[in-house]
Amino acid sequence: MKKILITGALGQIGSELTTKLREVYGTENVIATDIRQPEDSKVVNDGIFEILDVTDAERMKELVETYAIDTFIHLAALLSAVAEAKPQLAWTLNMGGLVNALEVSREFNLKFFTPSSIGAFGPQTPKNQTPQVTIQRPTTMYGVTKVSGELLGDYYYQKFGVDTRSVRFPGLVSYETLPGGGTTDYAVDIYYEALKNNAYTSFIGEGTYMDMMYMPDAVELIIQLMEAPSEQLINRNAYNVSAMSIAPEDVAAAIQKHQPDFKLSYDVDPVRQGIAESWPNAIDTSAAQEEWGFSPQYDLARMTEDMLKQLKNKGILSYSH
Ligand code: AKB
């Protein structure tokens, strides 16, 4: 990776990945793009930033040529709950953007990364130790776009020789930028509310297990996967990755180690609960471990300690104990 273009750079993953890539590969070698340009953003102000609507193939190509890009990291997409509310838009944006990104990668021979998700699985998928290769019949538009994206990754690799790489991300927990409309977002919200109110009302029900990961592990693994020798990678569609399988009460118990009076209650959102129940409880990550050394560093206890510390540093605090 020498000259990297990122789409969706202002999103939950993009904002932290951009900072890390600038540190590792040099500020002048990372071109951050997004559809909007807020004035008060580090991503916009601390390096190269360009406006890009990923459905605009011409503009995408122009940026790739102008900056002599060799690596394309395509993050711009709608998350599961928003996609379920706007399925037609989700198809247009998630698939239109992806096809444009793959086409420009084919034309300019770019190394390519885009995330898939645990949302690429469905109710017929085995729930526990979900295998790398298994039934994928998602019942959400988000999942439909993710499975289609995985198939396109395989296709562009086999047919055109594009060096496609991907992972099935679980819910990502981070303190820098909020996620925008996912099913796993409760696992971020709960930390903000713990600090503000010492209480949280979860829209996901008790006993609902989903895979999760702390953002530093997610950013690290993208770099690790992109730097892995091409010949080691068998699963070009997407690798299962996860750091923990947790339900809301597990996060609450981890927070109670720091705030013993923290209270968790439930007001379940049927749409997001339905999506969560269609996803696995815990996926098997052995292919990622074996093929490119995936090894997350944060479990629930370590993530909780760091989240509370980092949010306090950001000034998210009114609850005192
Ligand atoms: C979502 O909940 O939509 C995402 C995901 C698991 O892909 N966080």
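Buried means under 20% relative accessible area, and exposed means over 50%. Keep that cut-off at hand for the exercises below, which walk through a predicted model.

## Exercise 1: Ala218 in its helix

Task: decide whether Ala218 is buried or exposed, and find what it touches.

Solution:
- Start with the place of the residue: Ala218 sits in helix α8, which covers residues 215-227.
- Next, take its relative accessibility, which is 0%, so Ala218 counts as buried.
- Then look for contacts beyond four places in sequence: Ala218 touches Phe169, Leu172 and Met213.
- Finally, check a distance: Ala218 and Ser242 are 24 residues apart along the chain, and their C-alpha atoms are separated by 9.1 Å.

## Exercise 2: The two domains

Task: work out how the protein chain is divided into domains and how many residues of each are in contact with the other.

Solution:
- The domain assignment gives domain 1 as 4-169 + 214-240, and domain 2 as 172-212 + 244-291 + 298-313.
- The C-alpha centres of these two domains lie 23 Å apart.
- Where they meet, 40 residues of domain 1 are in contact with 34 residues of domain 2.

## Exercise 3: The ligand and its shell

Task: find which residues surround the ligand and where the ligand lies with respect to the domains.

Solution:
- List the shell: Leu79, Ser80, Ser117, Ile118, Tyr142, Pro170, Gly171, Gly182, Thr183, Thr184 and Trp279 surround the ligand.
- Sort these residues by character: five are nonpolar, six are polar and none is charged.
- Look at the polar side chains. A polar side-chain atom of Ser80 is 2.5 Å from a ligand oxygen atom. For Ser117, a side-chain N or O atom is 2.7 Å from an oxygen atom of the ligand. In Thr184, a polar side-chain atom is 2.9 Å from a nitrogen atom of the ligand.
- Now ask how much of the ligand is covered: taken alone it exposes 250 Å², and the protein buries 94% of that.
- Place the ligand: domain 1 and domain 2 both give residues to the shell, so the ligand lies between them.

## Exercise 4: Tyr142, a member of the shell

Task: describe the surroundings of Tyr142, one of the residues around the ligand.

Solution:
- Locate Tyr142 in helix α6, residues 141-160.
- Apply the cut-off: Tyr142 has 7% relative accessibility, so it counts as buried.
- List its contacts, leaving out residues up to four places away in sequence: Tyr142 touches Leu78, Leu79, Ser80, Ala83, Glu84, Asn94, Ser117, Gly119 and Trp279.
- Spot the residues that also belong to the ligand shell; among them are Leu79, Ser80, Ser117 and Trp279.

## Exercise 5: Helix α10

Task: find which residues of helix α10 are buried and what they pack against.

Solution:
- Helix α10 spans residues 270-278, and its buried residues are Gln273, Ile275, Ala276 and Ser278.
- These buried residues pack against α4 (80-85) and β12 (210-214).
- At the N-terminal end, Asp269 caps α10, with a side-chain oxygen 3.1 Å from the backbone nitrogen of Val271.

## Exercise 6: Two residues with positive phi

Task: for Gln129 and Asn198, find the phi value and decide whether each residue is buried or exposed.

Solution:
- Begin with Gln129, whose phi is near 50 degrees, a positive value in a residue other than glycine.
- Gln129 lies in strand β7, residues 128-130. Its relative accessible area is 53%, so Gln129 is exposed.
- Turn to Asn198, another residue other than glycine with a positive phi, near 55 degrees.
- Asn198 is found in the loop between α7 (186-197) and β11 (199-202). At 8% relative accessibility, Asn198 counts as buried.

## Exercise 7: Phe262 and a link back to Asn198

Task: place Phe262 and list its contacts.

Solution:
- Phe262 belongs to the loop between α9 (248-256) and β15 (263-266).
- With 2% relative accessibility, Phe262 counts as buried.
- Beyond its neighbours within four places in sequence, Phe262 is in contact with Ile190, Ala194, Asn198, Ala199, Tyr200, Ala252, Ile255 and Gln256.
- Asn198, met in the previous exercise, is among these contacts.

Definitions and conventions. Residues numbered from 1 in each chain as written. Predicted model: local features only at pLDDT ≥ 70, side-chain atom pairs only at ≥ 80, totals over all residues. Heavy atoms only, no water. Near = heavy atom within 4 Å. Polar contact = N/O pair within 3.5 Å; in protein donor to acceptor, adjacent residues only side chain to side chain. Areas by Shrake-Rupley, 256 points an atom, 1.4 Å probe, with all protein chains shown as cover. Nonpolar A, V, L, I, M, F, W, Y, C, P; charged D, E, K, R; others polar. Domains from an automatic or database assignment. Helix = DSSP H or I, 4+ residues; strand = E, 2+ residues; numbered from the N terminus. Buried < 20%, exposed > 50% of the residue type's maximum accessible area, 1.4 Å probe, protein only. Contact = heavy atoms within 4.5 Å.
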